[in-house]
Every structure is written in C-alpha cells, then in structure tokens.
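Visitor: Please pick a single part of this model and take me through it slowly. I would like to learn how to describe it and how it fits in with its surroundings.

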Amino acid sequence: RNIHFIRLGNNIKKYRLVRGYTQEAFAEKINKTANFVSLLENAHKGITLYTLFEIADALEVPVGKLFEECDKVEGRIKKYKKVHH
C-alpha cells in the first residue's frame, strides 16, 4: 500500500473522529457507503479528485491537511447519529 494512501486514510479517520462522525454518518455526508469509508481509511481504496474535495469539505479541512504525516489513528465512535443536510 502506498504511503500517500495510508496517510490519506489516517487523516480522514482522524478528522472524522474529531468531527464526531461514525463511518455511517460520514458516508451519508459524502453520498458514499460506510464500506467505502472503511476501505478508504484503511488505504484499500483510491478516490477521484472530486471525491477528495467532497471529503475535505465535509471534514472542514483544506485538502493538503489530508496528506500530512499522521500516526495511525485508533478509536471509534459507536453511536450512530443521523446527519441532516
């Protein structure tokens, strides 16, 4: 797995947890599935630039922040909360 995909996945998870989104709630925000988010966070999935910008917007961070060095992120949010657009 490419280091850039690993960094991207770790940072997406980090900012998702900071924002308090479960994978399901975050997936809803970006019109994807929870499985897609899981694959992405674990560096098993590539994405388009369009999706990258959608993710950055949903997490309220500049795109560049998603590629910064980041230690492996542990933790989870168990409670599912519905996101209203």
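Guide: Let us start with a scale: a residue is called buried when its relative accessible area is under 20%, exposed when it is over 50%, and partly exposed in between. Ala-34 is a handy test case, because its relative accessibility of 24% places it among the partly exposed residues. Please keep in mind that you are looking at a predicted model.

The part I have chosen is helix H4, but a quick view of the whole will help. The protein chain has four helices and zero strands, and its elements follow one another as α-α-α-α from the N terminus. Of its 85 residues, 35% are buried. The chain exposes about 5400 Å², and 51% of that comes from carbon and sulfur atoms. Among contacts with a separation of 6 or more, 70% join residues that are 24 or more positions apart.

Now to H4 itself, which spans residues 49-59. Its buried residues are Thr-51, Leu-52, Ile-55, Ala-56, Ala-58 and Leu-59. Imagine looking straight down the axis of H4: these buried residues fall within an arc of 165°, so they line one face of the helix. Turn to the face pointing away from that buried side, and you meet the exposed residues Leu-49, Tyr-50 and Asp-57.

What does the buried side of H4 pack against? Its partners are helix H1 (3-19), helix H2 (23-29) and helix H3 (34-41). This links our helix to the largest nonpolar core, which has 18 residues. Ile-12, Phe-26, Ile-30, Ile-55, Leu-59 and Leu-66 are the members that touch the most other members. H1, H2, H3 and H4 each supply at least two residues of this core, and H4 gives the most, with five residues. Two residues from our list of buried ones in H4, Ile-55 and Leu-59, are thus back again among the members of the core with the most partners.

Leu-66 shows how H4 takes part. Setting aside its neighbours within four places in sequence, Leu-66 contacts Leu-52, Ile-55, Ala-56 and Leu-59, along with others including Leu-8, Ile-12 and Tyr-15. The four I named at the start of that list are buried residues of H4.

Right after H4 comes Glu-60, whose phi is positive, near 60°. Glu-60 is a residue other than glycine, and Glu-60 counts as exposed because its relative accessible area is 58%.

One of the partners of H4 deserves a visit too: helix H3. Phe-36, Val-37, Leu-40 and Glu-41 are its buried residues. They span an arc of only 125° around the axis, which puts them on the same side of H3. H1, H2 and H4 are among the elements that cover them. One of these residues, Phe-36, has Lys-32 lying over the face of its ring, 5.2 Å from the ring centre.

Our test case, Ala-34, also belongs to H3. Leaving out residues up to four places away in sequence, Ala-34 touches Gln-23, Glu-24 and Ala-27. Gln-23 and Ala-34 are 11 residues apart in sequence, yet their C-alpha atoms are 5.3 Å apart in space.

Finally, let us see how H3 is connected on either side. In the loop between H2 and H3 you will find Asn-31, a residue other than glycine with a positive phi, near 55°. With a relative accessible area of 61%, Asn-31 is exposed. On the other side, H3 is followed by Ala-43, which has a positive phi near 60°. The loop between H3 and H4 holds His-44, which is exposed because its relative accessibility is 53%. His-44 and Ile-6 are 38 residues apart in sequence, and their C-alpha atoms are 8.7 Å apart.

So here is the picture to take away: H4 has its buried residues along one face, these pack against H1, H2 and H3, and H4 gives the most residues to the largest nonpolar core.

Note on methods. Residues are numbered from 1 along each chain as its sequence is written. This is a predicted model: local features need pLDDT of at least 70, side-chain atom pairs count only at pLDDT 80 or more; totals for chains, interfaces and linings use all residues. Side-chain values use heavy atoms; hydrogens and water are left out. Buried means under 20% relative accessible area, exposed over 50%, partly exposed in between (1.4 Å probe, protein chains only). The arc is that of the directions from the helix axis to the C-beta atoms. Contact means heavy atoms within 4.5 Å. Accessible areas come from the Shrake-Rupley method with a 1.4 Å probe; for residues, only the protein chains shown count as cover. A nonpolar core is a set of buried Ala, Val, Leu, Ile, Met, Phe, Trp, Tyr and Cys residues joined through side-chain atoms within 4.5 Å. A charge sits over a ring if NZ of Lys or CZ of Arg is within 6 Å of the ring centre and within 35 degrees of the ring normal.
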